[in-house]
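Work through the exercises below with the coordinates open. Each task is followed by a solution in steps.

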Amino acid sequence: MRPGDLVGDRFRIERPASEGGMGAVYRAQEIHTGAEVALKLLRGATSDAEVQRFAREARVLAELSHPGIVRYVGHGLTGTGEPYLAMEWLDGQDLGQRLQAGVLSIRECVVLAARVAEALAAAHARGVTHRDIKPRNLFLPGGDVARVKVVDFGIARRRVETRSITGTNVFVGTPSYAAPEQVRGDEALGPQADVFSLGCVLFESLAGRPPFEGGHLMAVFARILFDEPPHLCELRDDVPQALGDLVTRMLAKEPAERPADGAEVAAALAAVDPAGPTGRPGDGVLPAALSRVEQRLVSVLVAGAIAGAGANADAGADADPDANANADVDAETVPARADLARADLAPLDRLRAIASSLAVRVDRLADGSAIAAFAGSASATDLAVLVARCALSLRAALPDVPVVLATGRCVLEPWPPAGEVIDRAVNLLRAEAPASEGASAARRPRPIRLDEVTAGLLDPRFELGGEPGAPELSRERDPEDATRKLLGKPTPCVGRQRELSVLEGFWSECVSESVARVVLVTGPPGMGKSRLRSEFVSGLRRRASAGAARDPASAGPSDAPPEIWIARGDPLRAGSPLGMVGQLVRRAAQLLEGEPLAIRQEKLAARVGRRVGRADAARVTELLGELAGAPFPDDDGAKLRAARGDPALLGDQIRRAFQDFLRAECAARPVLLVLEDLHWGDAPSVQLVEAALGALQEQPLMVMALARPEVHAAFPKLWVEAGAQEIRLGKLSPKAGRQLAHEVLAGRAPEERIDSVVEQAEGNALVLEELIRAAAHGADQGAEHALPATVLAMMHARLEALEAEARQILRAGSVFGEVFWTAGVSALLGGAQGADAVRARLAALVERELVVRREESKLPGQEEHAFRHALVREAAYGTLTEHDRALGHRLAGAWLERMGERDAVTLAKHFERGGDRARAAFFHDRAAEQAGTRRTPSCAG
């Protein structure tokens, strides 16, 4: 169209206003009246759905008449058959453009919302739901909020309509302002959907941001479905309590809990006094204390869908600054699997089955993908192992489904989590390409993507691949191949010489005296149990290899080549009967996952026949097949058939077969059974091993078990009758820590940096390695030292082992910084814990070496404490929610001010981080005066 062209013998084109993918908007003049109109023209090769949407908007506008709704003028077809819609011309700006200049005043917001609610009431009364209320669709003629008009009814729906013009799995609307039922893909959207969207607009107009934000579609959907935004009174001191409460009701998840329609919202707004009582903390409305809500450490697995468009996708072209409101001509459609009823349930069902033995929450996100969250462990490495094994199991079942893993902090309730860790996981998922087609694609499973934190927490038993900065989980290695490396190189085993000597002594006695021995190695996570096992087993193999090269006559009994079978407890299969013994048998026979049953049977029979006599070989093989996942048919075996029909008889037969197998092996060479992660083992395996130790007391058999201290709770009196000896691994000594740090950081870090790394590690070998890695990276990059996310995750998990009240005290203390005061903590908790309780719990935290009490206090008369290390403070501070963090800094600043804190910079920073810009500006000015310089007002906040 060109200026001067006539449309429908009624409208003359003056100039283009805006243009988009579906069409264009022109400024035109109605030739009979001379009125200026906005002529919206649909053109080009459009779909039937787009044509129907355009026609719907024309029909709806023709029936609606309200000063708050853009006025319909006419519609029809151009001479070339293209649909057009004429509306009143509006000069000004939309609300989105207005909000770029800052938030609205309370009075402006109430006036605007009331007029929009009244306009929606008119539409709702005629059975019309707008379905896309957002700032861009609220136009301000002349920039006046009192004259706001609702525009763009293109995706409006009548309640009587039954046929949708949108396709399956296509979300229609604008994600950040969509109601939960809209996100779920519900067909029947009522006026409450518009009420929710208007609530989002009100929230943004007052708070300066939408209530539900995210970097991608799925994150926004998850927040809309499960997050509760803060009360507006918590974000602005001048918001009347009645207005804040109304917006909270409008944002309720369930439609029935919201105002019923625009008329009810308008009535509620009419009762709001813009100058009415506010929800300022001083008014006693807001909580004047930190909540009990905390961010938890969680490892998440997200699988299934691949998000398409960005969360804030907006198809329409932006209008000119002075253009008409109706310039947004394109459909606001975001491809997404938002219809949960039609979502592919395979990943969800499989994930639930895999995680059924764990206390793991599994659910769907808004786009149909499945999510599992692993939390509550005392070890961050445990979470990583759990989520990795779950991912590998899911990959085996569904090789073409995208799977990603991430570890971080989030608030678990309401479920599912919607925090930075979800954002990270979904960003990884979005980076996935659609599955390739063809036979070659079917043979190659999708890689399992994981973030750097999860990759850093996984121990050497997992093989990682991928490009630098984009790790992928490949498989779980054989335990003997799992050698931990630091900066790509094997590291020396430091500080465990005594424990190694004890183990070697037991082995020497076992072999030379031909007696069975059992040793239990216990220690907290990260203390080096697996490394001790690796060093011990490697030493046995080295001596055996060296002995074979010497004259056999000169070799001692302990140099005999050992038979070593290793099994590992698995949290996904914890409690599975005889699971660990089954692993030992599979290890001995070298049975592999995925092998055909016939091959497994053949390999097991050959392995048993190597040592067991011919008379017993068939019986032992058949019964061990029950353990090793290689069951034999009972067609020709009456005894096996009878045993399978009697669990007690089958158990006795398996025990005897296992002992016969072990006895035959011990007769040929010494046998070492290694049971790692026994705390995740199963009672029948523990009992079977104990029975074997009793039956083979005079055989060269050694059992080495490694476990957390909680193994004693899982298996009381563990192998006491077999004479078990326990080695308890303590912290690495500072000398051992420095030895390892010097080995890796020699010439790359100053001595004081090495001392700091060793001190922060506190004897934990895994933490020490991560800090060394971070120190080396910082030295190589010339960057300042930052605490590694993996170390913070480990410390975070350590805090989760504390009682909730102790964690709450640490959160409150962390707001002050590395130094805090008993009375200050009590003030931030607002009486939730009495002063005596706070003092008692701080004393317990001192005993646990998390905090220290200082003899002298910066504040006279105040009992002062400090975090033992920056690691503890950073981890505790990271558990604060965004709301508690801001509130805590405001409360801390106020308490310090009352206590006579003289450092104006400290006070300014607390108020700044707490969002109190006026108080922050005041103390910044005072700090400038103290420094002899005057700070300009423009720097406030």
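**Aromatic pairs and charges over rings**

W895 has a relative accessible area of 4% and is buried, because the cut-off is under 20%. The model is a predicted one.

**Exercise 1.** Classify the contact between W821 and W895, and place both residues in the fold.

Solution.
- Step 1: W821 has 5% relative accessibility, so W821 is buried.
- Step 2: The ring centres of F196 and F212, taken as a reference pair, are 5.9 Å apart with planes at 10°, so that pair is stacked.
- Step 3: For W821 and W895 the centres are 6.0 Å apart and the planes make 35°, which gives a tilted pair.
- Step 4: W821 belongs to strand 28 (residues 819–821) and W895 to helix 31 (residues 882–898), so this pair ties together parts 74 residues apart in sequence.
- Step 5: Ring pairs join W821 and W895 with F816 in a cluster.

**Exercise 2.** How many aromatic pairs are there, and where do F196 and F212 lie?

Solution.
- Step 1: The count is 9 aromatic pairs.
- Step 2: F196 is in helix 5 (residues 191–207), while F212 is in the loop between helix 5 and helix 6 (217–226), so their pair ties together parts 16 residues apart in sequence.
- Step 3: Both F196 and F212 are buried.

**Exercise 3.** Over which rings do R708 and R885 lie?

Solution.
- Step 1: R708 sits over the face of W680, 5.7 Å from the ring centre.
- Step 2: R885 sits over the face of Y877, 4.4 Å from the ring centre.

Notes. Residues are numbered from 1 along each chain as its sequence is written. This is a predicted model: local features need pLDDT of at least 70, side-chain atom pairs count only at pLDDT 80 or more; totals for chains, interfaces and linings use all residues. Side-chain values use heavy atoms; hydrogens and water are left out. Rings of Phe, Tyr and Trp (its six-membered ring) pair if their centres lie within 6.5 Å; planes under 30 degrees apart count as stacked, over 60 as edge-to-face and the rest as tilted. Helices (H or I, at least four residues) and strands (E, at least two) are DSSP runs, numbered from the N terminus. Buried means under 20% relative accessible area, exposed over 50%, partly exposed in between (1.4 Å probe, protein chains only). A charge sits over a ring if NZ of Lys or CZ of Arg is within 6 Å of the ring centre and within 35 degrees of the ring normal.
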